[in-house]
Amino acid sequence: MPSVSQQWLLLLLISTVLTVFARADLPGTWELLVQNAGLASMHTAVTRFNTVVLLDRTNIGPSRKMLRRGHCRNDPYDAVLKLDCYAHSVLFDLQTKQIRPLMIQTDTWCSSGQFLPDGTLLQTGGDLDGVKKIRKFVPCEATGSCDWVELADVELANGRWYATNQILPDGSVAIVGGRAANTVEYYPPRKGAVALNFLADVEDNQMDNLYPYVHLLPNGHLFIFANNKAVSYDHNVDKIVREYPPLDGGPRNYPSAGSSAMLALEGDYSTAVILVCGGAPYGAFIERSTDTPAHGSCGRIIATSPDPVWEMEDMPFGRIMGDMVMLPSGDVLVINGAQAGTQGFEAASNPCLYPLLYRSEQPVGLRFMTLNPGTVPRLYHSTANLLPDGRVLIAGSNPHYFYRFDAEFPTELRIEAFSPEYLSPDRANLRPIFEGIPETVRYGESFDVTVSVPLSVVGVVEVNLGNAPFATHSFSQGQRLVKLAVTPSVPDGEGRYRISCVAPPNGMVAPPGYYMAFAVNQGVPSVARWIHLVS
């Protein structure tokens, strides 16, 4: 008979084998892209040149990437480095996996951002010397030398720390909220900051109104969610025009760490559905409780309905600090985060390694699918961004005030990619390839695209436009997916198909700018082609 120790080893072996098989049976695959990005990305954005901007805060001491020789900067606010020769922003080339240091001058801690219609990344606020700063990054080819520019002739009307940016139908940007900033202002500047008393009304003694969830509805109004309440805001007259019923389940915004996404716009574009999931129970942040279980409740509301109500459902896991990524198919990937604690330094535990797929077209109770777990904890200050090839880039995680590599959850410099099931090898013969697509389209314009598909096409091939949001603190600012009106594909010889499309009707449905255009065949997306939507 085996000894006790032998029995224990046998049980451990069986458990390990079962875990491996269980993981192998779950959809999705993981890939390490870069072992050392040089920094932990607090803010991440994908450019139209297929490069990725990674951005941390500046007063964090030494990163693991040096600036170019002769480009050190003086930082009186850094407790460790007064002369700082380290990069706190880098540019990652998706094709070559090369990383180039970028020069950021002022503190970008917990700042906000959004792409402008010409593809420029607008970046606003932060802490200390960055709290009123406006910065721009004009992307270039991966071999170029583009870098951050801090505007000297204009600044924010209010300091913005933990604010949210949202591009508007005319291409300007609304900058909403922030710590001690219960106001809205705009870029380009209009008339200074305008009071938004709603943000003050929902603030509690642990805040819970920071990084508000802001979505541009197809009627042109802004859906603004903070704590557990939401309003519709007319930015043309700076007035709340509607109040929504409260969402049950406690606070959802920073520091209580839920997430939100607007589902794909389609059909006549008159309906907008908002999803809000996860969060920490009220009091966990005040008590600095790292082991208070997160809740897994989700609310879904038709924000454009005359009688909106929250439809409730539960995720398979309680989750805080999860990122929601709109996939080209119209489903939502929920990834990153923890199952206990709150946002903040040293404030969470029990990493939630299992991604979830939210299948928006399924009925309640069948919408969530558990996916293949990762192995790298992604807690506070981690990000997730859709890539043009359909993968999701995962970066960051630094639950410490400075960089720490000797902790239970160390500062994370690795960049990974998660491939949803639609990229599995058994679906490769369904994957479309763009053979022809215009580089620029105008609102309401009819245009054709040509795709090739290894297997004969059965059904409608969708053409969907996904923008590149600014991901930070469990919310992708400005994220949007628009399904175009298309005709059934027509054979065009040698395995090619022609699809007639109609561009979005106006900037309320899709603000002007660069979008990733995906052809989607039976849920399987092509590699995107960047398309410029203009008026």
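User: Where along the chain is the place of I320?

Analyst: Helices (H or I, at least four residues) and strands (E, at least two) are DSSP runs, numbered from the N terminus. On that scheme, I320 falls in the loop between β23 (311-314) and β24 (323-326). The model is a predicted one, in which local features need pLDDT of at least 70 and side-chain atom pairs count only at pLDDT 80 or more, whereas totals for chains, interfaces and linings use all residues. Residues are numbered from 1 along each chain as its sequence is written, and side-chain values use heavy atoms, with hydrogens and water left out.

User: Is I320 buried or exposed?

Analyst: Buried denotes under 20% relative accessible area, exposed over 50%, and partly exposed the range in between (1.4 Å probe, protein chains only). I320 counts as buried because its relative accessible area is 0%.

User: With which residues is I320 in contact, leaving aside its neighbours within four places in sequence?

Analyst: A contact requires heavy atoms within 4.5 Å. Apart from those sequence neighbours, I320 touches S256, A257, G279, A280, A294, G337, A338, A340, G341, T342 and A348. N36, 284 residues away from I320 along the chain, has its C-alpha atom 26 Å from that of I320.

User: How should confidence be read, and what average pLDDT does the protein chain have?

Analyst: The general idea is that pLDDT expresses the predictor's confidence in each residue, from 0 to 100. For the protein chain the average is 95, and 96% of the residues score at least 70. Residues 4-22 have pLDDT under 50, and the model gives this segment two contacts beyond four places in sequence. Where pLDDT is low, the predicted coordinates should not be read in detail.

User: What does the secondary structure of the protein chain come to, and why does its radius of gyration agree with that of a compact globule?

Analyst: The protein chain contains two helices and 45 strands. The radius of gyration is taken over C-alpha atoms, and the globule rule is 2.2 Å times the number of residues to the power 0.38. For 535 residues a compact globule would be expected near 24 Å, and the protein chain has 23 Å, so the two agree. The C-alpha trace spans about 80 × 65 × 55 Å along its principal axes. Of the 535 residues, 61% count as buried. Among contacts in the protein chain with a separation of 6 or more, 62% join residues 24 or more positions apart.

User: What does the accessible surface of the protein chain come to, and how far apart are the mean positions of its charges?

Analyst: Accessible areas come from the Shrake-Rupley method with a 1.4 Å probe, and for residues only the protein chains shown count as cover. The surface amounts to about 20,300 Å², with 54% of it belonging to carbon and sulfur atoms. For charges, Lys and Arg count as positive and Asp and Glu as negative, while His and the chain ends are not counted. The charge is placed at NZ of Lys, CZ of Arg, CG of Asp or CD of Glu. The mean positions of the 40 positive and 52 negative charges lie 4 Å apart.

User: Which residues does a cis peptide bond join?

Analyst: One such bond joins Y187 and P188, with omega of about -5°; P188 is in the loop between β14 (183-187) and β15 (194-195). Another joins Y254 and P255, with omega of about 10°, and P255 is in the loop between β19 (239-243) and β20 (259-262).

User: What is the phi of E346, and is E346 buried or partly exposed?

Analyst: E346 has a phi near 55°, a positive value in a residue other than glycine. This residue sits in the loop between β26 (338-341) and β27 (348-351) and counts as partly exposed because its relative accessibility is 43%. S397, likewise not a glycine, has a positive phi of about 120°. S397 belongs to the loop between β31 (392-396) and β32 (415-419), and its relative accessible area of 2% makes it buried.

User: In which strand is the place of V53?

Analyst: V53 belongs to strand β3 (residues 51-55). Its relative accessible area is 2%, so V53 is buried. Beyond four places in sequence, its contacts include L91, L121, F137 and W148.
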